[in-house]
Amino acid sequence: LPPLLLQDALEDLRRTLAAAASCSGSPGRDKHKLCISGAAALRIEADARSALPPKSRLELCTVAPHGATEQVLATFSGSAREGGWPVVVVASDAVTLRERGARASAPRWGWRLRATVQRWATPSEDKVLQ
């Protein structure tokens with residue numbers, strides 16, 4: 001294979017292997033970021049065990065530039081097994097997750113979200129010509 005074609009094939013393989021990311025709730029952290037660089041759209045799915053205590057919710061938000069307000073794209077509550085955690089497709093390579101509401105006094109499993117690439121961003125013309 002010509003070197004440029006080989007390099008492009010290897011880059012595509014590397015990108016495909018890194019096409020998933022996950023994030024879980026952790027004690028003491030109310031805000032999390034989930035990102036896959038180079039994605040034009042992400043598909044966000046909850047682990048079937050995800051569950052929040054009553055009066056709690058997890059907000060899926062846009063990643064806002066410094067000082068800007070984040071927009072809430074989806075809200076998760078209750079138990080994923082009971083249908084409170086739908087699959088969400090976001091037109092971005094990153095989202096912010098914010099935990100809101102009451103903290104559980106009893107132990108709970110918590111939550112875990114997995115992002116996969118729904119669509120890759122098209123590289124700019126300059127990048128393709130390099």
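**View 1. Cysteine residues Cys61 and Cys23 in the predicted model.** Cys61 is buried, with a relative accessible area of 0%. The coordinates belong to a predicted model. Cys23 likewise counts as buried, at 9% relative accessibility. With a disulfide taken as a pair of cysteine sulfur atoms within 2.5 Å, the count comes to zero disulfides.

**View 2. Strand 1 and its alternating side chains.** In a regular strand the side chains alternate between the two faces of the sheet. Strand 1, residues 20-24, shows this alternation. Ala21 and Cys23 point to one face and are buried, whereas Ala20, Ser22 and Ser24 point to the other face and are not buried. Strand 1 pairs with strand 8 (residues 112-120) in the antiparallel sense, over five bridges. Within this pairing, Ser24 stands opposite Arg112 of strand 8.

**View 3. The open sheet of strands 1, 8, 3 and 6.** Four strands form this open sheet in the order 1-8-3-6, with antiparallel pairing. Strand 1 and strand 6 are the edge strands, each pairing on one side only. On average, and with direction ignored, neighbouring strands of the sheet are turned by 25° against each other. Strand 3 and strand 8 run antiparallel and are joined by seven bridges. Ala39 stands opposite Trp120 in strand 8.

**View 4. The largest nonpolar core.** In soluble globular proteins, nonpolar side chains tend to be buried together. The largest nonpolar core of this model has 23 residues, of which Leu34, Ile44, Leu60 and Leu113 touch the most other members. Two or more residues each are given to this core by strand 1, strand 3 (39-46), strand 4 (56-62), strand 5 (72-76), strand 6 (88-90), strand 7 (94-101) and strand 8.

**View 5. The surroundings of Leu113.** Leu113 is found in strand 8 and is buried, with a relative accessible area of 1%. Leaving aside neighbours within four places in sequence, the contacts of Leu113 include Ala21, Ser22 and Cys23. Leu34, Ile44, Glu45, Ala46 and Leu58 are also among the residues that Leu113 touches, as are Phe76, Trp85 and Leu97. The C-alpha atoms of Leu113 and Ser24 are separated by 6.4 Å, although these residues lie 89 residues apart along the chain.

**View 6. The open sheet of strands 2, 7, 4 and 5.** Four strands form this open sheet in the order 2-7-4-5, and the pairing is antiparallel. Strand 2 (31-35) and strand 5 stand at the edges with a single partner strand each, so one side of each is left without a neighbour in the sheet. Neighbouring strands here are turned by 25° against each other on average, direction ignored. Strand 4 and strand 7 pair in the antiparallel sense over seven bridges.

**View 7. Glu59 and its polar contacts.** Glu59 has its place in strand 4 and counts as buried, at 8% relative accessibility. The bridge partner of Glu59 in strand 7 is Arg98. The side chains of Glu59 and Arg98 also make a polar contact, at 2.7 Å. A further polar contact links the side chain of Glu59 to the side chain of Arg57, at 3.1 Å. Not counting residues up to four places away in sequence, Glu59 touches Val72, Ala74, Thr75, Thr96, Leu97, Arg98 and Arg100.

Note on methods. Residues are numbered from 1 along each chain as its sequence is written. This is a predicted model: local features need pLDDT of at least 70, side-chain atom pairs count only at pLDDT 80 or more; totals for chains, interfaces and linings use all residues. Side-chain values use heavy atoms; hydrogens and water are left out. Buried means under 20% relative accessible area, exposed over 50%, partly exposed in between (1.4 Å probe, protein chains only). Two strands pair if DSSP finds at least two bridges between them. A nonpolar core is a set of buried Ala, Val, Leu, Ile, Met, Phe, Trp, Tyr and Cys residues joined through side-chain atoms within 4.5 Å. Contact means heavy atoms within 4.5 Å. Axes are lines fitted to C-alpha atoms, for helices over the stretch in contact, and angles run from 0 to 180 degrees between N-to-C directions. A polar contact is a pair of N or O atoms within 3.5 Å; within protein, one must be able to donate a hydrogen and the other to accept it, and residues adjacent in sequence count only if both atoms are side-chain atoms.
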